[in-house]
Amino acid sequence: MNEPLPNLEERAFDLAAVPSMEAEDFFVSDCNRAAFRLISDPGSWPNGKLAIVGEACSGKTHLANIWRRRSGAEIIEAKELDSADIRRLVKSKGVAVESADSVSGFDALEEALLGLHNYLAETGGNLLMTSRAMPSRWAISLPDLRSRMAASHVAVLSKPDDQHLEALLIKHFSDRQISISRSTASYILARIERSCYAVQGVAAALDSLSLAKGRPVTRGIASELLAEARLSELAR
């Protein structure tokens, strides 16, 4: 008798994958084409700064890493800004701040982001920021920072289409050294929430299940997992 499976959300990130952040592994489609073009041409950013806005797992970090490699920039998590050597960071050609909206409401982080912004403006470096919310909606307390962020040029990663979700699902399995057929990918996508987060979560959960059962990822094992996950946010 089959053992009951844990909730899909609990399984989703049991196993760590090593995602490829190379440019050739970034699937360009209508939902991200504008952002991809902008990171390829930082000289076109108004005032040398750009905010990439999108949902969880939509490719913001991948884009930031492509830009970092191409430009020789530094990359840092926003929560680490208050302990970072800002003067050292700005010696590079630019800085990417991940989850930049998370500085909101934290005085030291807000001050550090403002200082980074001002130093880069003085030295001619570029500032790239990623976030889930538009900069104009960040709950920033510091007036000077609030006005500077609200004036940032924004590239929005829109909702992915079917082709993009399929490519993303296949990539997540590839990052885990797993090959799946297109028919299996189509079967999975027809039965989960249409979001980048759900795609990443189901890939992780199926990887875990296939290892536990000693079976490859096929339509059959996907059917087993999704049948047990009907009440999960990932399953329809």
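The sulfur of C196 sits 6.6 Å from the closest cysteine sulfur, in C31, and that is too far for a bond. A disulfide here means a pair of cysteine sulfur atoms within 2.5 Å. Searching the whole structure turns up 0 disulfides. C31 is in no disulfide, with the sulfur of C196 as its nearest cysteine sulfur at 6.6 Å.

Before going on, a word on where this comes from. This is a predicted model, in which local features need pLDDT of at least 70 and side-chain atom pairs count only at pLDDT 80 or more, while totals for chains, interfaces and linings use all residues. Residues are numbered from 1 along each chain as its sequence is written, and side-chain values use heavy atoms, with hydrogens and water left out.

Are those two cysteines buried or exposed? Buried means under 20% relative accessible area, exposed means over 50%, and partly exposed is in between (1.4 Å probe, protein chains only). C31 is buried, at 8%, and C196 is buried too, at 2%. The table puts them beside three other residues.

| Residue | Relative accessible area | Class |
|---|---|---|
| C31 | 8% | buried |
| C196 | 2% | buried |
| I221 | 0% | buried |
| N47 | 69% | exposed |
| Q177 | 69% | exposed |

Now zoom out to the whole chain. It has 10 helices and 5 strands; these are DSSP runs numbered from the N terminus, with helices (H or I) of at least four residues and strands (E) of at least two. Of its 236 residues, 49% are buried. About 11,800 Å² of the chain is exposed, and carbon and sulfur atoms supply 48% of that; the areas come from the Shrake-Rupley method with a 1.4 Å probe, and for residues only the protein chains shown count as cover. Take the contacts (heavy atoms within 4.5 Å) between residues at least 6 apart in sequence: 71% of them join residues at least 24 apart.

Which helices does α8 pack against? The buried residues of this helix (residues 182-189) are T184, A185, Y187, I188 and L189. They pack against α7 (162-175), α9 (196-213) and α10 (219-228). One general point helps with reading any such helix: an α-helix has 3.6 residues a turn, so residues three or four places apart point the same way.

Helix α10 is also home to I221. Its C-alpha atom is 7.7 Å from that of L206, although the two residues are 15 apart along the chain. Neighbours within four places aside, I221 touches L206, L209, S210, K213, R215 and P216.

E110, in helix α5 (residues 107-123), is a charged residue worth a look. E110 is buried yet has no salt bridge, and the nearest side chain of opposite charge, R146, is 6.7 Å away. A salt bridge would take a side-chain nitrogen of Lys or Arg within 4 Å of a carboxyl oxygen of Asp or Glu. What the E110 side chain does reach is the backbone nitrogen of G105, at 2.8 Å. Beyond its neighbours within four places in sequence, E110 has contacts that include V103, A139, I140 and L145.

Finally, the loops. Most residues other than glycine have a negative phi. N47 is not a glycine, yet has a positive phi of about 60°; this residue lies in the loop between α2 (33-39) and β1 (49-53). Q177, likewise not a glycine, also has a positive phi of about 60°, and its place is in the loop between α7 and α8.

Conventions
Lys, Arg positive; Asp, Glu negative; His and termini not counted. Polar contact = N/O pair within 3.5 Å; in protein donor to acceptor, adjacent residues only side chain to side chain.
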